[in-house]
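Hi,

Here is the structure I promised to pass on. Have a look at it first, then read my notes underneath.

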Amino acid sequence: MRESFQKLQEHLEKVSALGAALALFSWDSETLAPKKAAEYTSKAVGILSGEMFGALINDTTKECMARCEQEKDLDVEEKGLLRVLKRQFEELEKLPREEYEAYQTLLAKGPSVWYEAKEKKDFSLFAPVLKEIVEYNRRFAALRAEKGQKPYDVLLGDYEEGFTMEMLDPFFAELKKEIVPLLRHVEENPLPKAPLRHCSIEKQREFNRFLAEYVGFDFERGVLSETEHPFTDGLHSYDVRIATHYFEDNPESGIFSTIHESGHALYEQQVNPAYNLTLLGGGGGCGLHESQSRFFENVIGRSEAFWKPIYGKLQDTFPEAYGSLPLEGFLQEINRAQASLIRTEADELTYSLHILVRYELEKELMEGTVQVEELPRAWNEKYREYLGVVPQNDGEGVLQDIHWASGLFGYFPSYALGSAIASQLFACMKRQMPVEEYLEKGNLLPIREFLREHVHQWGKAKTTVEILRETTGEDFNAGYYVQYLKEKFGR
Ligand code: ZN
């Protein structure tokens with residue numbers, strides 16, 4: 001990196017340091033922080049966010065940037081740094097600082113209000129806060145929009161650069177067209193349902209720790225903890241934190257949450273360490289991030305080849321629950337598809353329909369064609385229409401996800417994109433190596449190396465569009481995903 005860029009990078013170290021501190025607060029508030037901490041902690045978070053804003057948006061940054069922009073023949077890192085910075089800079093520069101701070105303060109208490117409303121299954125407790133969050137998002141998106149750009153497209157771009165409603169509308173339309181009939185076919189020929197299996201939380205912790213390590217999670221640079229709603233947070237590649245969730249009667253839920261989050265975590269841990277505490281650190285777009293978790297959870301994690309070498313270990317850990325169940329029976333259980341109410345518990349086939357519901361509602365919220373108060377009713381109607389099931393209360397309906405409480409609008413589509421990207425990368429990987437053979441031998445190293453080389457190491461230096469093009473030789477192509485689902489569930 002040449003001098004002008006190094007200077008810019010040094011000037012921005014404070015932004016990254018504050019970013020790491022905020023990531024830690026965010027992880028803490030959903031795992032260990034006591035219930036009553038939110039009121040005061042949110043104030044501290046608001047102040048730190050304001051500091052971060054100030055460290056990023058100032059004349060020195062502008063001057064350094066201008067100097068860098070004059071350089072020619074930029075390398076990958078230089079190009080990436082300038083791209084990431086310009087995005088953040090332009091995004092924040094258009095927002096009044098006081099409003100931005102007020103919004104961050106609001107967001108810091110959003111999740112705790114949501115938790116309470118969810119516990120009481122009462123949307124009206126959450127609605128006033130959500131209304132404010134929606135208003136901020138609409139206003140900020142309008143302020144940031146380029147001429148002619150729709151507010152929701154601004155938000156979509158925050159999570160996956162270069163992806164818009166124009167691309168997503170046909171993508172979801174195709175999924176709807178293909179999945180709804182396939183789901184009907186599958187529901188007419190159901191696989192056996194897993195019975196309740198009592199497995200002690202202590203034993204589950206032990207097995208899940210093994211699983212995370214098996215997938216490749218490095219415990220010397222990471223932590224595995226517990227929460228209501230599993231997630232992964234990374235401060236930098238040497239401190240990556242997973243929070244998973246165990247149910248006493250449903251060990252499979254914990255198993256696949258852990259594999260999923262380990263996929264996210266592996267990505268964070270395999271980013272080039274030279275990017276740590278710079279704007280290039282951490283994983284790239286959310287859709288790409290989600291492709292890594294879904295690749296491990298679904299594409300390989302639910303396959304026979306993956307479980308062959310380790311199913312015995314599962315049986316040994318829980319002899320009463322799995323001792324008499326052959327591997328084939330286990331595979332049928334974990335690949336069963338059926339419409340259900342809860343997104344995080346949804347199977348691979350119906351998952352994208354849950355996202356479709358949220359995509360459509362977010363679009364309408366941002367366009368103002370649906371109001372916050374109307375959400376529970378609109379939610380239930382869409383579930384009836386696409387999945388054929390209706391929530392009995394807000395807790396299993398509109399209140400089930402934390403995302404909106406954290407201000408994440410435009411994020412949900414990246415889950416569906418993640419599945420599609422995972423299928424596209426998998427097709428490419430299979431052309432280059434005997435993936436199944438490696439899995440059967442319990443050798444995940446070549447798979448991790450493929451992902452490190454093509455995806456992980458680049459952090460934010462390359463966009464998803466670039467990574468897909470350079471790795472697979474083509475642009476985003478939903479066809480691989482549809483083909484994958486048809487093949488797997490048609491069977
Ligand atoms: Zn995920």
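Below are my notes on the metal site, a pocket, two backbone angles and the aromatic rings.

First, the ground rules. This is a predicted model, so local features need pLDDT of at least 70 and side-chain atom pairs count only at pLDDT 80 or more, while totals for chains, interfaces and linings use all residues. Residues are numbered from 1 along each chain as its sequence is written, and side-chain values use heavy atoms, with hydrogens and water left out.

**Zinc site**

The zinc ion has His260 (NE2), His264 (NE2) and Glu290 (OE, listed twice) as its protein donors, at 2.1 to 2.6 Å. Donors here are N, O and S atoms within 2.8 Å of the metal (3.2 Å for Na, K and Ca), and since water is not among the atoms, sites may look incomplete. Along the sequence, the donor residues follow the spacing H-x3-H-x25-E. His260 sits in helix H11 (residues 251-269) and Glu290 in helix H12 (residues 286-300), so this pair links parts of the chain 30 residues apart. Helices are DSSP runs (H or I, at least four residues), numbered from the N terminus.

Why is the arrangement irregular? The four donor atoms subtend angles of 51 to 127° around the zinc ion. For four donors, tetrahedral would need all angles between 85 and 135 degrees, and square planar would need opposite donors over 155 degrees apart and all others between 65 and 115; anything else is irregular.

Both His260, at 9% relative accessible area, and Glu290, at 2%, are buried. The cut-offs are under 20% for buried, over 50% for exposed and partly exposed in between (1.4 Å probe, protein chains only).

**Second largest pocket**

The second largest pocket has a volume of about 1,000 Å³. A pocket is an open set of points on a 1 Å grid over the protein atoms alone, where a 1.4 Å probe fits, with protein on both sides within 12 Å along at least five of seven lines; lining residues have an atom within 4 Å of a point. Points are joined across faces, edges and corners, and the volume is the space filled by probe spheres set on them.

This pocket has 33 lining residues, with Arg302, Asn335, Glu487, Lys488 and Arg491 nearest its centre. Helix H23 (479-490) is among the helices that supply at least two of them, and H23 gives the most, with seven. By type, the lining comprises 14 nonpolar, nine polar and 10 charged residues (nonpolar: Ala, Val, Leu, Ile, Met, Phe, Trp, Tyr, Cys and Pro; charged: Asp, Glu, Lys and Arg; polar: the others, Gly among them).

**Two positive phi values**

Most residues other than glycine have a negative phi. Asp73 has a positive one, near 50°, in the loop between helix H4 (59-69) and helix H5 (76-93), and Asp73 is exposed at 75%. Lys121, with phi of about 55°, is in the loop between helix H6 (97-119) and helix H7 (123-144) and is partly exposed at 47%.

**Aromatic rings**

The whole structure holds 32 aromatic pairs. Rings of Phe, Tyr and Trp (its six-membered ring) pair if their centres lie within 6.5 Å; planes under 30 degrees apart are stacked, over 60 edge-to-face and the rest tilted. Trp307 and Phe330 are edge-to-face, because their planes are at 75°, with centres 4.9 Å apart. Trp307 is buried at 0%, and Phe330 is buried at 0%.

Cheers

How values were computed. Four donors count as tetrahedral if all angles lie between 85 and 135 degrees; four count as square planar and six as octahedral if opposite donors are over 155 degrees apart and all others between 65 and 115; anything else is irregular.
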